[in-house]
Amino acid sequence: MTGLMSDILESAVTLTAIEKSFGAVRALAGVDLLLKPGECLGLVGHNGAGKSTLMHVLAGTLKPDQGRLVIGTQDVSRQYSASNASAHGIRCVFQELSLCPNLTLAENVRIVHRALKGIGWKAKARRLIGEKLDEIFPGHGIDVDQEAGDLNIGQRQMAEIARAFTVTDEPLRVVILDEPTSSLDAVTARQLLTFMRQEVARGTSTILISHLLGDVLDYCDRIAVMKDGKVVAEKEAQNFTRHSLVAAMGATAEKAGPGTTARRRISSALTIEATPLTATQTGKLSVRKGEIVGLAGLAGHGQTRMLIQIFDGARKHSAAFIAGDRQSDGVFNLWSIGENVTVSALRHLRKGPLIRPEHEHNMARNWKQRIGIRTPDMNNNILTLSGGNQQKALFARALGSKADIVLMDDPMRGVDIGTKLEVYEMIRAEAEAGRSFVWYTTEIDELKHCDRAYIFRNGAIVAELQGDELSEDKVLHASFAESA
Ligand SMILES: Nc1ncnc2c1ncn2[C@@H]1O[C@H](COP(=O)(O)OP(=O)(O)OP(=O)(O)O)[C@@H](O)[C@H]1O
């Protein structure tokens, strides 16, 4: 028996020599990847490395230009589609969430389970999603009769994950989780990862794509690293370290080292003072000129509302907003990458009443280089970018504006480790130059880049922690405290 044959017999899925190009962009340049039954495979790589494209091929939503796809022992390369994938038990939760906003969660479940029909389908669908949410995310507080569009991004992510694990008549063989924890707080993320291990122990294979390398190292059995459309390293998770993973991804080790936590001198001038409008017993938020202030606590406890309140109350053009929920609040889908970057700076790019196109192009080109947006042409539509690269464009838009206050709503969703570290440095430099930042993050680790942080619970500010107190323990402790 050949090596390839024995691999196929032992695997849940085998992808061989997969190629895919989008015009001039070679997204997949001959990828070989094997997934075993009952294993969790970590898939990591820089923004634009090709991870999501490869997963779309496996999910049947993209047809590769070349290559072979075998599920179990069946070669499905010739005829494969999203419904074939589903019949083979392949499910996916992509970064750009796909629930229909005007349908309830139960109705969204019906879309993927055609077996739910006849009288009583709705009650079955409600039960199916409700029980799965309870199993994965105990205490989730999501009403399955709510329309998906009324949920916040973290709740939508939870619902979409739960839906991927529901079973009716089709088997459950492989679940692809593309950045599944990007909008979840630390507690909810841990619930998911723990459930994922239980599911793997029951024989389901999972693929976990994440830029949180600690999670990949701790929760995956094997890790494959992609770089520029290829798998460049693949081995048991225990044989990688954080350092060797980062090196395989192509980021330099120094770049990926811990961020600087040195304290800075901050002016005493107040830029913002605000009290959450919806809470009665609450602390007050203040931000000084040049200060980086974090908002933390469990997801959905009023942090985004606070940012919007500050934005609404700010003087025109004095505040810029970076949305984490880029699909709903961030990117202009019909516009080019360049237009998405320059839109907030247009009034500074004009001469008289007219915008000077060469200034606009220069600004877009500068930011492409500065923040490393991976595209052959900034005139391409924004949706041609990978998820992390779209997020970089939103950073460029806010940092390229002249706003004194930058409000960031969990802005690092899907951004790779090398870029994150560069952006942290940019934020720090801008703060030193006098800009103020208010930064909601679901990644507790990220708070170390803040001078102070406010902890939110039930819409109120329940604690304020100084830079040297911003440890996971203290933040979680304060997140569960009842009042200040
Ligand atoms: N529909 C498309 N049209 C044009 N180019 C595309 C399209 N989809 C993906 N690409 C390009 O293919 C490359 C790989 O993108 P992909 O989304 O697979 O990367 P990724 O590794 O998932 O990145 P991220 O970590 O940012 O999610 C990128 O250069 C991206 O711009």
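User: Why does Pro 357 count as partly exposed?

Analyst: In this predicted model, Pro 357 has a relative accessibility of 46%. Buried means under 20% and exposed means over 50%. The value of 46% lies in between, so Pro 357 counts as partly exposed.

User: Where is Pro 357 found, and how far apart in space are Pro 357 and Leu 184?

Analyst: Pro 357 is found in helix H13. Pro 357 and Leu 184 are 40 Å apart, C-alpha to C-alpha. In sequence they are 173 residues apart.

User: What describes the way helix H13 and helix H15 cross?

Analyst: Two packed helices are described by an angle and a distance, both taken between their axes. For H13 (residues 357-371) and H15 (residues 417-432), the axes come within 10 Å. They cross at roughly 115 degrees.

User: Which residues meet in the contact of H13 with H15?

Analyst: H13 brings Trp 367, Arg 370 and Ile 371. In H15 they meet Thr 419, Glu 422, Val 423, Met 426 and Glu 430. By type, these residues divide into four nonpolar, one polar and three charged.

User: What makes the protein chain as compact as a globular protein of that length?

Analyst: The test is the radius of gyration against the globule rule. The chain comes to 23 Å, and the rule gives 23 Å for 484 residues. The two are close, so the chain is as compact as a globular protein of that length. Its C-alpha trace spans about 75 × 50 × 45 Å along the principal axes.

User: What does the secondary structure of the chain come to, and what percentage of the residues count as buried?

Analyst: The chain has 16 helices and 20 strands. Of its 484 residues, 53% count as buried. The accessible surface comes to about 21,200 Å². Carbon and sulfur atoms hold 49% of that surface. Among contacts with a separation of 6 or more, 68% join residues 24 or more positions apart.

User: Which residues touch the most other members of the largest nonpolar core?

Analyst: Leu 105, Leu 133 and Phe 395 do, in a core of 97 residues. Take Leu 133, setting aside residues up to four places away in sequence. Leu 133 touches Leu 105, Pro 138, His 140, Ile 142, Val 144, Met 158, Ala 159 and Ala 162. A second, separate core has 29 residues, including Ala 12, Val 13, Val 31 and Val 57.

User: Why is helix H2 called largely enclosed by the rest of the structure?

Analyst: Six of the eight residues of H2 (residues 51-58) are buried, so the helix is largely enclosed. The buried residues are Lys 51, Thr 53, Leu 54, Met 55, Val 57 and Leu 58. Gly 60 follows H2, with a positive phi near 80 degrees.

User: How do you know that Arg 156 counts as buried?

Analyst: Its relative accessibility is 12%. The cut-off for buried is under 20%, so Arg 156 counts as buried. Arg 156 has its place in helix H6 (residues 153-164). Leaving aside neighbours within four places, Arg 156 is in contact with Leu 97, Leu 99, Ala 148, Leu 151, Asp 325 and Ser 328.

User: What makes Ile 119 exposed?

Analyst: Ile 119 has a relative accessible area of 88%. Exposed means over 50%, so Ile 119 is exposed. Ile 119 lies in the loop between helix H4 (105-112) and helix H5 (121-136). The C-alpha atoms of Ile 119 and Ala 27 are separated by 46 Å.

User: Why is Thr 241 called partly exposed?

Analyst: The relative accessible area of Thr 241 is 44%. That is neither under 20% nor over 50%, so Thr 241 is partly exposed. Thr 241 is found in the loop between strand E10 (230-236) and helix H9 (242-249).

User: What is the phi of Ala 17, and what is the phi of Asn 458?

Analyst: Ala 17 has a positive phi of about 50 degrees, although it is not a glycine. Asn 458 also has a positive phi of about 50 degrees, and it is not a glycine either. Ala 17 is in strand E1 (residues 13-22). Asn 458 is in the loop between strand E19 (452-457) and strand E20 (460-466).

User: Are Ala 17 and Asn 458 buried, partly exposed or exposed?

Analyst: Ala 17 has a relative accessible area of 37%, between the two cut-offs, so Ala 17 is partly exposed. Asn 458 stands at 57%, over 50%, so Asn 458 counts as exposed.

Conventions. Residues are numbered from 1 along each chain as its sequence is written. This is a predicted model: local features need pLDDT of at least 70, side-chain atom pairs count only at pLDDT 80 or more; totals for chains, interfaces and linings use all residues. Side-chain values use heavy atoms; hydrogens and water are left out. Axes are lines fitted to C-alpha atoms, for helices over the stretch in contact, and angles run from 0 to 180 degrees between N-to-C directions. Helices (H or I, at least four residues) and strands (E, at least two) are DSSP runs, numbered from the N terminus. Contact means heavy atoms within 4.5 Å. Ala, Val, Leu, Ile, Met, Phe, Trp, Tyr, Cys and Pro count as nonpolar, Asp, Glu, Lys and Arg as charged, and the others, Gly among them, as polar. The radius of gyration is taken over C-alpha atoms; the globule rule is 2.2 Å times the number of residues to the power 0.38. Buried means under 20% relative accessible area, exposed over 50%, partly exposed in between (1.4 Å probe, protein chains only). Accessible areas come from the Shrake-Rupley method with a 1.4 Å probe; for residues, only the protein chains shown count as cover. A nonpolar core is a set of buried Ala, Val, Leu, Ile, Met, Phe, Trp, Tyr and Cys residues joined through side-chain atoms within 4.5 Å.
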